[in-house]
Amino acid sequence: MRRLAAILLLRCPRCLSGSVWRQFITMNVACPVCGLVFDRESGYFAGAMVVSYALAVPILAAMVIALIKVVGLDTVVALIVGNTAYLVLVPFIFRYSRVLWLHLDWLIDPGERT
């Protein structure tokens, strides 16, 4: 439960309390609490793109289906409106995909535990 709360609050995977993000789309280099370096190597967050895709597809699909079923829009119009509305969510998906990637990496290979 603590890890799930840390993910939802965008916290460090090691100490579960330090903030991963310094500003809205600017990450801290390391955790301000425990010092865990977030960006370990070039291309480290390439896996976060897969996580981003896994988050984006069901969200976008739910939006488009809701526009078709609830609002009654035509499929093409629902796709256009849904995709346009989805653009508002992109920065949030970006933030959560990176944090989820950090937590998955930490669970698979925790390195040195504190």
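These legends accompany several close-up views of one predicted chain. The model is predicted, so local features need pLDDT of at least 70 and side-chain atom pairs count only at pLDDT 80 or more, while totals for chains, interfaces and linings use all residues. Residues are numbered from 1 along each chain as its sequence is written, and side-chain values use heavy atoms, with hydrogens and water left out.

**Figure 1. The whole chain, with four helices and zero strands.** Let us start with the overall picture. Read from the N terminus, the elements run α-α-α-α; helices (H or I, at least four residues) and strands (E, at least two) are DSSP runs, numbered from the N terminus. The radius of gyration is 17 Å, well over the 13 Å that the globule rule gives for 114 residues, so the chain is more spread out than a compact globule. That radius is taken over C-alpha atoms, and the globule rule is 2.2 Å times the number of residues to the power 0.38. The C-alpha trace spans about 55 × 30 × 25 Å along its principal axes. Of the 114 residues, 31% are buried (buried is under 20% relative accessible area, exposed over 50%, partly exposed in between, with a 1.4 Å probe and protein chains only). Among contacts (heavy atoms within 4.5 Å) with a separation of 6 or more, 50% come from residues 24 or more positions apart. The accessible surface comes to about 7200 Å², and 68% of that belongs to carbon and sulfur atoms; such areas come from the Shrake-Rupley method with a 1.4 Å probe, and for residues only the protein chains shown count as cover.

**Figure 2. A nonpolar surface patch that includes M1.** Here M1, L4, L8 and L9 form the patch, and together they have about 490 Å² of accessible area. Patches are made of residues with over 30% relative accessible area and no salt bridge, joining like charges within 9 Å and nonpolar side chains (Val, Leu, Ile, Met, Phe, Trp, Tyr) within 5 Å. M1 sits in the segment before α1 (2–8). With 82% relative accessibility, M1 counts as exposed.

**Figure 3. G18 and two leucines with positive phi in the loop between α1 and α2.** This view takes in three residues of the loop that leads to α2 (46–71), beginning with G18. G18 has 0% relative accessibility and therefore counts as buried. Leaving aside residues up to four places away in sequence, G18 touches L10, R11, C12, C31, P32 and V33. C34 is 16 residues from G18 in sequence, and their C-alpha atoms are 7.2 Å apart in space. L10 lies in this loop too, and its phi is near 60°, a positive value in a residue other than glycine. L10 is buried at 8% relative accessibility. L16, likewise found in the loop, has a positive phi of about 60° although it is not a glycine. The relative accessible area of L16 is 18%, so it is buried.

**Figure 4. The salt bridge between R40 and D105.** How many salt bridges are counted by this rule? The count comes to one, taking a salt bridge as a side-chain nitrogen of Lys or Arg within 4 Å of a carboxyl oxygen of Asp or Glu. The closest N and O atoms of R40 and D105 are 3.4 Å apart. R40 belongs to the loop between α1 and α2 and D105 to helix α4, so the pair ties together parts that are 65 residues apart in sequence. R40 is partly exposed, at a relative accessible area of 36%, and D105 is partly exposed as well, at 22%.

**Figure 5. R95, a buried arginine with no salt bridge.** R95 is placed in helix α4 (residues 90–108). Its relative accessibility is 14%, so R95 counts as buried. Which side chain of opposite charge is nearest to R95? That is D39, which is 16 Å away; Lys and Arg count as positive and Asp and Glu as negative, while His and the chain ends are not counted. Not counting residues up to four places away in sequence, R95 touches L10, W21, Q23, F24 and I25. By contrast, R95 and G72 are 23 residues apart in sequence and 32 Å apart in space, C-alpha to C-alpha.
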